[in-house]
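User: I am new to reading structures, and I would like to learn how to go through one feature by feature. Could you show me with an example?

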Amino acid sequence: MKTDARVSVKLDELETLDLAEPRVHTDYDLSEVWRHLRTDEPVYWHAETPRQPGFWVLSRHADVASIYRDNTRFTSERGNVLETLLQGGDSAAGRMLAVTDGSRHAELRRILLKPFSPRALDVIVQRVRSATCRLLVEAVKKGRSDFARDVAAHIPLATICDLLGVPDADRDYILSQTSSALSSDEAKPEAVDSWAAKSELLLYFADLVRARRATPQADLISLLSTNRVDGADISDDEIMLNCYSLILGGDETARLSMIGAVLALAEHPEQWRALKQGEVTSESSVEEVLRWTTPAMHSGRTATEDVVVDRRTIKKGDIVTIWNVSANRDEREFDSPDRFRLHRSPNRHLSFAYGPHFCLGAYLARMEISAMLDGLRTFVSDIKAVGPTKRIYSNFLSGFSSLTVDFVPDQANIERGLLAGPMR
Ligand code: HEM
């Protein structure tokens with residue numbers, strides 16, 4: 001079954017289309033619009049409205065990559081997503097990695113790179129693999145399940161908790177606060193509940209930072225509490241914000257890519273067969289899943305000086321948005337970009353951005369998706385999406401918050417897997 005119920009937008013509607021409006025992404029298929037912009041207006045001025053300032057929209061792969069590369073002329077320090085940029089700034093600027101630039105960004109990033117290296121993540125990745133297998137086997141045995149709720153929801157957040165050293169006893173609490181604070185499920189989330197949950201999370205991390213300063217352990221919070229930037233300790237405030245940003249950056253994005261992968265495999269049976277029969281590698285499959293799903297649709301920057309791009313002048317102070325969702329379908333970069341092909345190579349997608357702010361969690365996210373694809377090809381013999389699917393409500397994230405599927409078990413492998421020992 002085809003699950004994209006969105007309607008196509010006609011090009012004469014372009015002038016009235018507000019890309020900052022979440023419903024535009026939830027209700028409309030913008031493929032034609034992006035194709036037109038890439039071809040005819042690659043540096044497009046999205047006019048101001050009575051509610052918000054105007055902003056530039058860049059849609060070609062080459063332009064998006066070059067803006068990502070240049071964090072001197074295009075800074076993240078006034079915000080890196082439309083929502084904060086249109087509000088006039090991000091209160092975490094200069095303290096949270098993603099909205100910090102210059103030498104402070106480079107130093108903070110250098111410290112954080114260590115716990116995100118493949119070697120440091122070895123134990124965490126093993127836990128991801130066994131938890132994914134266990135959850136998948138449970139879902140497969142049920143036959144019909146909501147993959148989003150039963151499998152995908154449990155992996156990324158638990159992994160971030162492992163990284164941060166959140167004690168097991170507190171994890172249900174973190175899960176419930178995170179879904180109230182950040183969920184993009186609903187068109188009108190209760191703003192008050194969401195703010196209360198955000199404050200609860202920040203207070204929780206403030207306590208954890210104090211505890212780790214007193215007794216450091218082998219986790220990311222302890223690492224930040226015992227390191228210095230610009231010759232000074234990293235403040236509690238900064239550590240708290242960076243913990244929070246890992247949940248912001250790494251939970252929903254990774255979930256959306258896993259959910260989108262299962263949906264894509266159900267919709268492309270020939271690709272599923274290629275995966276199941278081992279005709280494609282996990283590595284190329286993971287990259288195509290990332291390109292195809294593009295969980296983070298855009299990033300935002302502010303120009304620090306006048307810059308000419310494709311013969312248009314972006315003025316100092318202008319808001320610039322770069323659209324991964326369009327760059328990842330750019331026919332100048334990808335052969336048959338609208339086809340889902342697990343063996344695609346090369347695959348220079350921009351789902352994790354590029355350059356100085358390249359996603360810190362890219363290796364971890366790749367391992368999460370890879371564990372899920374390996375689990376599917378081992379324990380499942382067929383997948384059918386039976387709906388209902390539910391698109392999330394956001395101008396920044398793209399994907400589904402629920403996905404009902406029928407898994408046909410691969411009985412022989414399930415029995416073999418169970419015999420091999422407990423899957424934690
Ligand atoms: C499929 C999953 C993911 C996607 C699509 C994704 C996407 C991105 C993108 C596009 C950026 C660049 C933002 C910008 O330049 O403004 C970014 C940065 C970042 N991501 Fe991810 N991400 C994912 C998973 C993760 C995970 C699992 C973590 C950590 C647990 C993480 C942590 C971060 C951090 C800390 C940054 C900021 C890096 C910096 O500014 O130097 N992400 N991510």
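Analyst: Please keep in mind from the start that this is a predicted model. Let us begin with a loop: Pro 346 is found in the loop between α16 (324-327) and α17, and a cis peptide bond with omega of about 0° joins Ser 345 and Pro 346.

User: Which other residue lies in the loop between α16 and α17, and is it buried or exposed?

Analyst: Ser 336 lies in that loop, and to judge burial one counts the other C-beta atoms within 10 Å, where 12 or fewer means exposed. Ser 336 has 9 of them and is therefore exposed. Its phi is near 45°, a positive value in a residue other than glycine.

User: What is the phi of Thr 294, and where does Thr 294 lie?

Analyst: Thr 294 has a phi near 35°, again a positive value in a residue other than glycine, and its place is the loop between α15 (282-293) and β9 (298-303). Because a count of 20 or more is taken as buried, Thr 294, with 25 C-beta neighbours inside 10 Å, counts as buried.

User: How should I read the surroundings of a residue within a helix, such as Val 33 in α2?

Analyst: One can count neighbours and then ask which of them come from elsewhere in the sequence. Val 33, in helix α2 (residues 31-40), is buried, with 23 other C-beta atoms within 10 Å. Leaving aside neighbours within four places in sequence, Val 33 is in contact with Val 9, Leu 11, Leu 14 and Leu 17. Val 33 and Glu 13 are 20 residues apart in sequence, while their C-alpha atoms are 9.3 Å apart in space.

User: How do the axes of α6 and α8 cross, and which residues meet there?

Analyst: For a pair of helices, one looks at the angle between their directions, and over 145 degrees counts as roughly antiparallel. The axes of α6 (residues 122-142) and α8 (residues 156-164) come within 10 Å and cross at roughly 155°, so the two helices are roughly antiparallel to each other. Their crossing is right-handed. Ile 124, Arg 127, Val 128 and Ala 131 in α6 meet Ala 158, Thr 159, Asp 162 and Leu 163 in α8, and the residues of this contact divide into 5 nonpolar, 1 polar and 2 charged.

User: How many residues surround the ligand, and which are the closest?

Analyst: The ligand is surrounded by 25 residues, the closest being Gly 250, Ala 353, His 357, Cys 359 and Gly 361. Helices α12 (236-250), α13 (252-267) and α17 (362-379) each supply at least two residues of this shell, and α12 gives the most, with 4 residues. By type, the shell divides into 13 nonpolar, 11 polar and 1 charged.

Methods: Residues numbered from 1 in each chain as written. Predicted model: local features only at pLDDT ≥ 70, side-chain atom pairs only at ≥ 80, totals over all residues. Near = placed C-beta within 6 Å. Nonpolar A, V, L, I, M, F, W, Y, C, P; charged D, E, K, R; others polar. Axes fitted to C-alpha atoms, helices over the stretch in contact; angles between N-to-C directions. Parallel < 35°, antiparallel > 145°, perpendicular 65-115°, else oblique. Left-handed = near helix turned anticlockwise from the far one by under 90°. Contact = placed C-beta atoms within 7 Å.
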